[in-house]
Amino acid sequence: MIDFHNWRHVFKLDPDKPIDDDALEAICDSGTDGIIVGGTLGITYDNTLELMARIRRYAVPTVLEVSNLEAVVPGFDAYFLPLVLNAGDPDWLIAPHVAGLTAYGSYIHWEEIFAEGYLILNPDAAAAKLTKARPVTGKEEAKAYARVAAHICKTPIFYVEYSGMYGDPEIVRACKSGYEGGTLFYGGGITGVEQAREMAAIADVVVVGNIVYDDVEAALMTVQAVKEVNRP
Ligand SMILES: CC(C)=CCC/C(C)=C/CC/C(C)=C/CC/C(C)=C/CC/C(C)=C/CC/C(C)=C/CC/C(C)=C/COP(=O)(O)OP(=O)(O)O
Ligand SMILES: O=P(O)(O)OC[C@@H](O)CO
Ligand SMILES: [Mg+2]
């Protein structure tokens, strides 16, 4: 059973992006609490399986964030299932999960499955375009989404997703105040230690993604930066 409630820092690796063995070893042995494998576009069974097999050389807990049904690969420590709370296209709300459970419902070990209430806040992110994410008007509405996750959907994770851009700390703070009792993940645009520290003071878990591919040394420095900050 993975212990994501006590995580502080994770890397998100994209099966559709190349990473060499040295960089992958440094990321997996960095002291990060976990690796999430996920992305929106170009995710296939084969590239997901290949990345999982490479990460499996290391002891770090590894989770698949399922974004399409063709790429559900067995063998991860756990599976995160995004539920995009601000999806503007209703076909992205429940239909993929119904299809998933139609295909896999009998084989699922539910103790390995965790729903993520997602709030996608960067309109230019691939996931925002795909789901036609509705814009959020401000702090009060962001907090309302967090309360939906906490008290209506009761997802164990609320994921404030700015993928590709650094987020607004005031919005993240509003989400944290509305999301009582669960684990709040923040991800988006972290390129260095200052941003990592700032979000670590607000969010329970800080997710570092694209910078791994642009500047692995900068990515590695975010691990300690996050862990030096007290959990909010
Ligand atoms: C034995 C066995 C196989 C066990 C596994 C059982 C299992 C886990 C079955 C799955 C069952 C199930 C219910 C599946 C449905 C899951 C599904 C398809 C849900 C839809 C998810 C969804 C709404 C996707 C939309 C896009 C999205 C929110 C992706 C999340 C990840 C994300 C935001 C990545 C970052 O992407 P981004 O930076 O925007 O884009 P890039 O890829 O360009 O970086
Ligand atoms: O790639 P970045 O912008 O770091 O975002 C991380 C993660 O939240 C993406 O799903
Ligand atoms: Mg990405």
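**A walk through the predicted model**

Leaving aside its neighbours within four places in sequence, Y186 is in contact with V160, G167, V172, M199, I202, A203, V206 and V207. This structure is a predicted model, and Y186 makes a convenient place to start reading it. The largest nonpolar core has 63 residues, and Y186 is among those that touch the most other members, together with L119, V160, C175, A203 and V206. Helix 9, which covers residues 216-227, supplies the largest share of this core, namely 5 residues.

From Y186 we can turn to the strands. Strand 7 spans residues 183-187 and pairs with strand 6 in the parallel sense over 5 bridges, and within this pairing F185 of strand 7 stands opposite Y159. To pass from strand 6 to strand 7, the chain goes through helix 6, residues 169-178, in a β-α-β crossover that is right-handed. Strand 6 also runs parallel to strand 5, to which it is joined by 5 bridges, and here Y159 in strand 6 has Y118 opposite.

How many of the residues of strand 6 are buried? The strand consists of residues 157-161, and 5 of its 5 residues are buried, so that strand 6 is described as mostly covered. The side chains can be followed in two directions: I157, Y159 and E161 point one way, while F158 and V160 point the other way, and all of them are buried.

A charged residue can be followed in a similar manner in strand 3, residues 62-65, where E65 is found. Is E65 buried or exposed? E65 counts as buried because it has 21 C-beta neighbours inside 10 Å, and the cut-off for this class is 20 or more. Not counting residues up to four places away in sequence, E65 touches I36, V37, G38, F80 and P82. The C-alpha atom of E65 is separated by 9.2 Å from that of E116, although the two residues are 51 residues apart along the chain.

The model also contains ligands. Ligand 1 is surrounded by 34 residues, of which the closest are G39, Y79, G100, A126 and S163. Several elements each supply at least two residues of this shell, and they are strand 4 (78-84), helix 3 (95-104), strand 5 (113-120) and helix 4 (126-131). Which of the elements gives the most to the shell around ligand 1? That element is helix 3, with 5 residues. When the shell around ligand 1 is sorted by class, it has 21 nonpolar, 10 polar and 3 charged residues.

Around ligand 2 there are 13 residues, and the closest are S163, G187, V207, G209 and N210. By class, the shell around ligand 2 has 4 nonpolar, 7 polar and 2 charged residues. S163 is named among the closest residues to ligand 1, and S163 is also listed among the closest to ligand 2.

Two lysines in loops complete the walk. K132 has a positive phi of about 55° although it is not a glycine, and K132 lies in the loop between helix 4 and helix 5 (139-153). K154, which is not a glycine either, has a positive phi of about 55°, and this residue lies in the loop between helix 5 and strand 6. Their surroundings can be described by counting C-beta atoms: K132 is partly exposed because 16 other C-beta atoms lie within 10 Å, whereas K154 is exposed because 12 other C-beta atoms lie within 10 Å.

Note on methods. Residues numbered from 1 in each chain as written. Chains lettered and ligands numbered in written order. Predicted model: local features only at pLDDT ≥ 70, side-chain atom pairs only at ≥ 80, totals over all residues. Near = placed C-beta within 6 Å. Helix = DSSP H or I, 4+ residues; strand = E, 2+ residues; numbered from the N terminus. Nonpolar A, V, L, I, M, F, W, Y, C, P; charged D, E, K, R; others polar. Core = buried A, V, L, I, M, F, W, Y, C linked by C-beta atoms within 7 Å. Contact = placed C-beta atoms within 7 Å. Pairing = 2+ DSSP bridges. Right-handed = clockwise from strand over helix to strand, strands pointing away.
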